[in-house]
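User: Could you take a close look at one helix for me and show how it fits into the rest of the fold? I'd like a connected walk-through rather than a list.

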Amino acid sequence: EISPKRINVILPIENCDNQFTEFIATYEESAQEKLNLIAVVFSNRDAKLVEMALQGFTKRHPHARPTVVTGSGEFSVARAVDAGMQVVRSKDDLVFVADVGVRIKPRFWQSCRTNAIPRKRVYFPVAFSVYDSDYSGTGADKTTIRHWNGQWAFYSVRHVCIHKRDYD
């Protein structure tokens, strides 16, 4: 059996507050996956918040080696992605660019591995964007997709699975 390919998860972060903590909570559901988290921050405030959140994560998952990259200049997603890509070593490595507000289920990672094909195809997953998670339902209903609690994001470029060679 072939071991699944490691995925580098680049996470551009600006004014993250609780969002990063919530992201890490759902990211932990995938702790058994072969993932490298690369958090890209541009401010000292965000760097401190990210480092604090990652301390608990790395204690619970000592095999995980998340990387925090400090970008230069004013924040932009493009700059953050580029700074994160510089950390990715091999052109054959698979990368998922994520938004800090996304909640990723463990089954997603296989879709990323399957659908991104080097030199042939990048994968832009279609995500369901919840209007307001505090008011979109209760209990099990919070994870149920309904027309009144969100919409499908068919045209988003904030999430992409891509091999580094296709980025360069």
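Analyst: Let's take helix H2, starting with what sits on top of it. The cover over the buried residues of H2 includes H1, S2 and S3. Keep in mind that this is a predicted model.

Which residues of H2 are the buried ones? They are Asp46, Ala47, Val50, Ala53, Leu54 and Phe57. That spacing fits a general rule: an α-helix has 3.6 residues a turn, so residues three or four places apart point the same way. The length of the helix works out too. With 17 residues at 1.5 Å a residue, H2 should span 24 Å, and its end C-alpha atoms are 25 Å apart, which agrees.

Now for what H2 packs into. The largest nonpolar core of the structure has 30 residues, and H2 gives the largest share of it, five residues. The elements that supply two or more residues to this core are strand S1 (7-12), helix H1 (18-27), strand S2 (35-41), helix H2 (44-60), S4 and H4. Inside the core, the residues with the most contacts are Val9, Phe20, Phe23, Leu37 and Phe96.

Leu37 is a handy place to see how this comes together. Leaving aside residues up to four places away in sequence, Leu37 touches Leu54, which is one of its partners along with Val9, Leu11, Phe20, Phe23, Ile24, Tyr27, Pro66 and Thr67. Leu54 is also on the list of buried residues of H2. Phe57, another buried residue of H2, joins Phe20, Phe23 and Tyr27 in one aromatic cluster.

The core has another well-connected member in Phe96, and here the aromatic rings are worth following. There are seven aromatic pairs in the structure. In one of them, Phe96 meets Trp109 edge-to-face, with 5.7 Å centre to centre and 85° between the planes. Phe96 belongs to strand S4 (residues 94-97) and Trp109 to helix H4 (residues 108-115), so this pair ties together parts that are 13 residues apart in sequence. Both partners are buried: Phe96 has a relative accessible area of 2%, and Trp109 comes in at 1%. Trp109 also pairs with Phe108; the ring centres are 5.3 Å apart and the planes are at 70°, so that pair is edge-to-face as well. Phe108 is buried too, at 16% relative accessible area.

H2 and its core aren't the whole story. A second, separate core has 15 residues, including Ile10, Phe42, Phe75 and Val97. Helix H3 (residues 77-87) has its own buried residues, namely Ala80, Val81, Ala83, Gly84 and Met85. Their cover includes S1, S2, strand S3 (67-70), S4, strand S7 (160-163) and helix H5 (164-167). S2 and S3 therefore turn up in the cover of H2 and in the cover of H3.

Stepping back to the chain, the secondary structure comes to five helices and seven strands, and along the sequence the pattern reads β-α-β-α-β-α-β-α-β-β-β-α. Of the 168 residues, 39% are buried. Among contacts between residues at least 6 apart in sequence, 75% join residues at least 24 apart.

Technical notes: Residues numbered from 1 in each chain as written. Predicted model: local features only at pLDDT ≥ 70, side-chain atom pairs only at ≥ 80, totals over all residues. Heavy atoms only, no water. Phe/Tyr/Trp six-rings, centres within 6.5 Å; stacked < 30°, edge-to-face > 60°. Helix = DSSP H or I, 4+ residues; strand = E, 2+ residues; numbered from the N terminus. Buried < 20%, exposed > 50% of the residue type's maximum accessible area, 1.4 Å probe, protein only. Core = buried A, V, L, I, M, F, W, Y, C linked by side-chain atoms within 4.5 Å. Contact = heavy atoms within 4.5 Å. Expected span 1.5 Å × (residues − 1).
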